[in-house]
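Trainee: I should like to learn how to read the features of a structure that is new to me. May we go through them one at a time?

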Amino acid sequence: MAHLHHRLSIAIKVSEKEFCCRYGGAKFDSMNFIKQRGRIKNRGLMHTCSYSTSADQQRKLAAQDVDPNPRISELGYLVNDVDWQVRRMAETEHEMREVASVQAEAFHQPMLLFDDLFFDFFKAEVLAGLLYRLKGSPPDRYACLVAEQSDNQEVEKEVVGVVDVTVDREGSVLQHLPGAKEYLYVSGIAVLNRFRRKKVATALLKACDSLSAIWGFDYLVLRAYEDDYGARKLYSNAGYKVVSGDLPWMTSWIGRRRRVLMVKQTDTRSAH
């Protein structure tokens, strides 16, 4: 995050770089994406890209929220155990804002001054990134998965965890995946603070395994910071193995934390 200069957009643009680094995704000018306030026509739903919407727009979006989302009925619950259920995100304004809040809480770095303001801007940045991925990806190439409590009987359950899964084909990764032309890249895994250490992340990773089997991919790939031993243990317990790491000129030489590439091979034959 940058210091507060002449315009707050400076701070947001820097957070975008950090956010893209954490997610390992493609960089895009999301500030321009927000400023344009263009609408995205997404599978019959219209969503605004600005952080705030008019009262009339809010009412229209709220009315659309009652419609069932075909992505949920298509896959159902990818994980449905005693504690947690994981499914595909419903493409409604309410749930997309929930997803943005969960990921923003997980990745936001607190500021000494104006922290609430910076958090709101960062949350808008995360939401813009989510809309961008939904707009640019077919439904069988990208999925945002959400976790909720199994024992919660409320009509609208709270989203407590999130993970993004994207079909990718980066050459530097494929060299570690014998026979593969593409793979599933797992990123943006986040859990609300009050639900951490309760196996939510484990359930999300299991859902990624299920999605890999459904889509017919042999490999799941993710990146973790080399010194984040808690995350690496989580991924190792889920079956991921370290195959490589960032080169020195990409990290230590320029003062960035080194990341490791972790791979899990799945048995798609069991799904057929």
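Trainee: Leaving aside its neighbours within four places in sequence, which residues is Lys 264 in contact with?

Mentor: One looks for residues that are distant in sequence but adjoin in space. In this predicted model, Lys 264 contacts Asp 209, Asp 218, Tyr 219, Leu 220, Ala 238, Gly 239 and Tyr 240, once neighbours within four places in sequence are set aside. Lys 264 itself belongs to strand E10, residues 259-265.

Trainee: Is Lys 264 buried or exposed?

Mentor: Lys 264 has a relative accessible area of 14%, and it is therefore counted as buried, the cut-off being under 20%. Its side chain makes a polar contact of 2.6 Å with the side chain of Asp 209. In addition, a polar atom of the Lys 264 side chain lies 2.7 Å from the backbone oxygen of Ala 238.

Trainee: How many salt bridges does a search of the whole structure find?

Mentor: The search finds 12. It is useful to ask where the two partners sit along the chain. Glu 93 and Arg 97 form one such bridge, with their closest N and O atoms 3.2 Å apart; both lie in helix H5, four residues apart, or about one turn of the helix. Arg 258 and Glu 226 form another, at 2.8 Å between the closest N and O atoms. This pair links distant parts of the chain, 32 residues apart: Arg 258 is in the loop between strands E9 and E10, and Glu 226 is in the loop between strand E8 and helix H9.

Trainee: Which parts does the salt bridge between Arg 259 and Asp 246 tie together?

Mentor: The closest N and O atoms of Arg 259 and Asp 246 are 3.0 Å apart. Arg 259 lies in strand E10 and Asp 246 in the loop between E9 and E10, so the bridge ties together parts 13 residues apart in sequence. Arg 259 is buried, at 13% relative accessibility, and Asp 246 is also buried, at 10%.

Trainee: Which residues form a nonpolar patch on the surface?

Mentor: Leu 112, Leu 113, Phe 114 and Leu 117 do, with about 490 Å² of accessible area together. Phe 114 lies in the loop between helices H5 and H6, and is partly exposed at 48% relative accessibility.

Trainee: Which element has the lowest mean pLDDT, and which the highest?

Mentor: Strand E2 (residues 45-48) has the lowest, 28, and strand E6 (residues 161-168) the highest, 98. Over residues 1-73 the pLDDT is below 50. Where pLDDT is low, the predicted coordinates should not be read in detail.

Methods: Residues are numbered from 1 along each chain as its sequence is written. This is a predicted model: local features need pLDDT of at least 70, side-chain atom pairs count only at pLDDT 80 or more; totals for chains, interfaces and linings use all residues. Side-chain values use heavy atoms; hydrogens and water are left out. Helices (H or I, at least four residues) and strands (E, at least two) are DSSP runs, numbered from the N terminus. Buried means under 20% relative accessible area, exposed over 50%, partly exposed in between (1.4 Å probe, protein chains only). A polar contact is a pair of N or O atoms within 3.5 Å; within protein, one must be able to donate a hydrogen and the other to accept it, and residues adjacent in sequence count only if both atoms are side-chain atoms. Contact means heavy atoms within 4.5 Å. Patches are made of residues with over 30% relative accessible area and no salt bridge: like charges are joined within 9 Å, nonpolar side chains (Val, Leu, Ile, Met, Phe, Trp, Tyr) within 5 Å. Accessible areas come from the Shrake-Rupley method with a 1.4 Å probe; for residues, only the protein chains shown count as cover. A salt bridge is a side-chain nitrogen of Lys or Arg within 4 Å of a carboxyl oxygen of Asp or Glu. pLDDT is the predictor's confidence in each residue, from 0 to 100.
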